[in-house]
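The exercises below ask you to work through helix packing and empty space in one protein model, with a solution after each task. Please try each task on the structure before you read its solution.

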Amino acid sequence: MAKKTGQVIDFASIKATMSDPYKKTFQIVDKDAKIVNQELFDTFSDDQLVDFMKKMVWERTLHEQTMNFSRQGRLGFYAPTFGEEASEMGSVSAFKDQDFLFPAYRDLPQLIQHGASVTQGFLWSKGNAVGDDYGEQRNWFPQIIIGAQYVEAAGAALGIKKNGEKDAVSFVYTGDGGTSQGDFYEGVNFASSFQAPAVFMVQNNGWAISVPRYKQTAAETLAQKAVASGVPSIQVDGMDVLAVYIATQEAREFAAAGNGPVLVETLTYRYGAHSSAGDDPSRYRTKEEEKPWFDADPLIRMRKILGDKGLWSQDEEDKLVEEYKDSFKASMKEAENTPTQSVVDMLKTTFEEPTPQIKADIARFEAKESK
């Protein structure tokens, strides 16, 4: 047998270039509020630009007020969204009422924008079952299990296809840490295998609780994780609300047209703690690391754009913030006045047809609750 005389396969070169197609981050307005794609920017009307700003101010105010409620002990679990306004409002605005939303626990703002009420968002955080009753809305309750919503969204997408719906998709969110979960890969692969209309959103906010993005996966971009399953993907500036909207809108159109799923990675940042449970970001990241992201704040960027066009002022924003705060306080009062679910009601809704054991439990608790 002849000896191999040299390298036949250049794995180093393959590794060095396999992420190249995904490194050019899609952007319309850069961190300094300079328009880098005038043609696409001009497709937005002044009303649309103002509407995006209003939605981002709404989300930031919701975050601030919800944190206040949490500190007062009036809520249960809450995952802050401070810094992710462009990623969340830009993406959810691209979907339609007939699309199925599968949120993670950090996605209450999208859930509310897609039809749920603020009161329901608070009730979900408080653990009240009414918070998960969306009626005819195509919403699913926020998933606590990391990545599990990807499998659920893939199943819904297949259902859309089998039902013959022509203009509907399922869409789902996870963070950067979620892409290292098995459910992420299973959901993407399943949807791709059946060419089901799903849009997979990955909000790369830099941290999986206290684990930095670079430590929990060696992939150079998260967008490229979809490619092995035959799913096209793109990396977007997640602090640029206009770029997020355009990328998500086109991903939705592609999937709804019967071309199979798409994955969109948004580069954003979680300014605060992972959750209201009290982790301290200063223990695992530095001010020097945070500064460039605070400089890229999506609201600052949009204020500059709108201010230059004479479409926005600080007085207008301050007035809007107060209006939002008042509405959130009213929603909290409504949530606090909503009755909690009884044990009997919980048991009666566990299965469509209660098992013999559950029937016995229902009778036992009915006797207790009647006293």
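Two residues are taken to be in contact when they have heavy atoms within 4.5 Å of each other. The model used throughout is a predicted one.

**Exercise 1. Describe how helix α3 packs against helix α4, and state which residues make the contact.**

Solution. Two packed helices are described by the angle between their axes and the distance between the axes. Begin with these two values: the axes of α3 (residues 46–71) and α4 (residues 85–92) come within 9 Å, and they cross at roughly 125°. Angles of 65 to 115 degrees count as roughly perpendicular and those over 145 as roughly antiparallel, and α3 and α4 are therefore oblique to each other. As for the hand, α3 and α4 make a right-handed crossing.

Next, list the partners. From α3 come Phe52, Lys55, Met56, Trp58, Glu59 and Arg60, and these meet Glu85, Ala86, Glu88, Met89 and Gly90 of α4. Sorted by class, the residues of this contact between α3 and α4 are 5 nonpolar, 1 polar and 5 charged.

**Exercise 2. Carry out the analysis for α3 and α10, and sort the contact residues by class.**

Solution. The axes of α3 and α10 lie 11 Å apart, and the packing angle is about 105°. That angle makes α3 roughly perpendicular to α10.

On the α3 side the contact uses Leu49, Phe52 and Met56, while on the α10 side it uses Val241, Leu242 and Tyr245. The contact of α3 with α10 divides into 6 nonpolar residues, with no polar and no charged ones. Phe52 and Met56 also appear among the α3 residues that meet α4.

**Exercise 3. Work out the geometry of α6 against α13, then name the residues that meet.**

Solution. Helix α6 packs against helix α13 (residues 314–336) at an angle of about 50°, and their axes are 8 Å apart. That makes α6 oblique to α13. The crossing in which α6 passes α13 is right-handed.

The contact is made by Val118, Thr119, Phe122, Leu123 and Lys126 of α6, together with Phe328, Ser331, Met332, Glu334, Ala335 and Glu336 of α13. By class, the contact of α6 with α13 contains 6 nonpolar, 2 polar and 3 charged residues.

**Exercise 4. Find the enclosed cavities, and say which residues and elements line each of them.**

Solution. Rolling a probe the size of a water molecule over the atoms shows where empty space is left. With a cut-off of 30 Å³ or more, the count comes to 2 cavities.

Take the largest cavity first, which has a volume of about 100 Å³. Its lining consists of 14 residues, and those nearest the centre of the cavity are Leu62, Thr66, Tyr78, Leu108 and Phe122. Two or more lining residues come from each of α3, α5 (108–113) and α6 (118–126). Sorted by class, the lining of the largest cavity has 8 nonpolar, 5 polar and 1 charged residues. Phe122, which is one of the residues nearest the centre of this cavity, also takes part in the contact of α6 with α13.

Turn then to the second largest cavity, which holds about 40 Å³ of space. The residues that line it are Val29, Met56, Met239, Asp240, Val241, Leu242, Pro298, Arg301 and Met302. At least two of its lining residues are supplied by each of α10 (241–259) and α12 (298–308), and the largest share, 3 residues, comes from α12. Its lining has 7 nonpolar, no polar and 2 charged residues. Met56, Val241 and Leu242 of this lining also belong to the contact between α3 and α10.

**Exercise 5. Characterise the two largest open pockets by volume and lining.**

Solution. The largest pocket has a volume of about 350 Å³. It is lined by 25 residues, of which Tyr105, Ile146, Gly175, Gly177 and Gly178 are the closest to its centre. Strands β2 (170–175) and β4 (207–208) each supply at least two lining residues, and β2 gives the most, with 3 residues. By class, the lining of the largest pocket has 9 nonpolar, 12 polar and 4 charged residues.

The second largest pocket has a volume of about 220 Å³. Among the residues that line it are Asn204, Trp207, Arg213, Tyr214, Tyr269, Glu289 and Trp293. Helices α9 (213–216) and α11 (287–295) each supply at least two residues of this lining, which by class has 6 nonpolar, 4 polar and 2 charged residues.

Definitions and conventions. Residues numbered from 1 in each chain as written. Predicted model: local features only at pLDDT ≥ 70, side-chain atom pairs only at ≥ 80, totals over all residues. Heavy atoms only, no water. Axes fitted to C-alpha atoms, helices over the stretch in contact; angles between N-to-C directions. Helix = DSSP H or I, 4+ residues; strand = E, 2+ residues; numbered from the N terminus. Parallel < 35°, antiparallel > 145°, perpendicular 65-115°, else oblique. Left-handed = near helix turned anticlockwise from the far one by under 90°. Nonpolar A, V, L, I, M, F, W, Y, C, P; charged D, E, K, R; others polar. 1 Å grid on protein atoms, 1.4 Å probe; cavity = no way out; pocket = protein on both sides within 12 Å on 5 of 7 lines; lining within 4 Å. Points joined across faces, edges and corners; volume = space filled by probe spheres on them.
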